[in-house]
Structure formats: structure tokens, C-alpha cells
Amino acid sequence: MGLALQTSRQDGRALVAARGSIDLHSSESLRECLAQLIDSGETEVVVDLTAVDFCDSSGLNVLVRAYKHARARNAALIVTGAYGRVENVLRTTGLDRFLIRES
């Protein structure tokens, strides 16, 4: 299916709504999107995974690198909406402790 990204601003935050699958073939577009937002000075970037049905190790790598990049720039990267297989992989790897903020 691929990955579609929609970026907007809400309550002073940059919101990235992802739809589809985050895998080796699509993770680069997510990486570029997140890096651009962080580099442009956004202080809080929220990645909404509600419509994401699959995330492999390349997608996890992008999220971890974006999290570290944001922290280095005194910004925050937060993941919301993860469910099913995506939530399971975040919890299994322990990344939920760093990336997920409960609403």
C-alpha cells in the first residue's frame, strides 16, 4: 500500500498523520518529513499512527533517530494512535517508554 503523510499544525504542535505501512520502501519519506519539521524549529512533533497498519525495523529506526534528533534540538517527538501490530512492536522493543505519550 505504501505510506501517505499529512502534516498540519494543531495547538502549537506539528502533527504528522501517517497512513499505510512504514517499511523499508516508505520509511525514507517519513524520515525526511520529521527531519524537516525538527530542523525548521518545531518544538513538538506528534506522529499519529492511527491509520498505520504495519511498521518494520526501518520504521522503528526512523522514529528512534527522529526522537534523538528532536532531543538534541530541545524539541519533543511523540507518537500517538499506535494500535494492534504497531503498538505491539513498540511495546515489545521498549520504544513505547520513550515515544508514546498517553493522551
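Confidence varies from element to element in this predicted model: among the elements of the chain, helix α1 has the highest mean pLDDT, at 98, while helix α4, which covers residues 96–99, has the lowest, at 91. For the chain as a whole the mean pLDDT is 94, and 97% of the residues reach 70 or more.

The chain contains four helices and four strands. Read from the N terminus, these elements follow one another in the order β-β-α-β-α-β-α-α. The radius of gyration is 12 Å, close to the 13 Å given by the globule rule for 103 residues, so the chain is as compact as a globular protein of that length. The C-alpha trace spans about 30 × 25 × 20 Å along its principal axes. Of the contacts between residues at least 6 apart in sequence, 67% join residues at least 24 apart.

Next comes the question of what is covered and what is exposed. Buried residues account for 44% of the 103 residues. The chain exposes about 5900 Å², and carbon and sulfur atoms supply 47% of this area. As for charge, the chain carries 12 positive and 13 negative charges, and the mean positions of the two sets lie 5 Å apart.

Two residues give a closer view of how the helices meet. The first to visit is Ile38, which sits in helix α1, residues 27–39. Is Ile38 buried or exposed? Its relative accessibility is 2%, and buried means under 20%, so Ile38 counts as buried. Leaving out residues up to four places away in sequence, Ile38 touches Val45, Ala66, His69, Ala70 and Arg73. Ile38 can also be paired with Leu77: the two are 39 residues apart in sequence, yet their C-alpha atoms are 8.8 Å apart in space.

One of the residues that Ile38 touches, His69, belongs to helix α2, residues 57–72. Its relative accessible area is 26%, which lies between the 20% limit for buried and the 50% limit for exposed, so His69 is partly exposed. Which residues does His69 contact, apart from its neighbours within four places in sequence? They are Ala35, Ile38 and Asp39. For Ala35, the C-alpha atom is 7.7 Å from that of His69, although the two residues are 34 apart in sequence. Taken as a pair, Ile38 of helix α1 and His69 of helix α2 are in contact, with Ile38 buried and His69 partly exposed.

Note on methods: Residues numbered from 1 in each chain as written. Predicted model: local features only at pLDDT ≥ 70, side-chain atom pairs only at ≥ 80, totals over all residues. Heavy atoms only, no water. Helix = DSSP H or I, 4+ residues; strand = E, 2+ residues; numbered from the N terminus. Rg over C-alpha atoms; globule rule 2.2 N^0.38 Å. Buried < 20%, exposed > 50% of the residue type's maximum accessible area, 1.4 Å probe, protein only. Contact = heavy atoms within 4.5 Å. Areas by Shrake-Rupley, 256 points an atom, 1.4 Å probe, with all protein chains shown as cover. Lys, Arg positive; Asp, Glu negative; His and termini not counted. Charge placed at Lys NZ, Arg CZ, Asp CG, Glu CD. pLDDT = per-residue confidence, 0-100.
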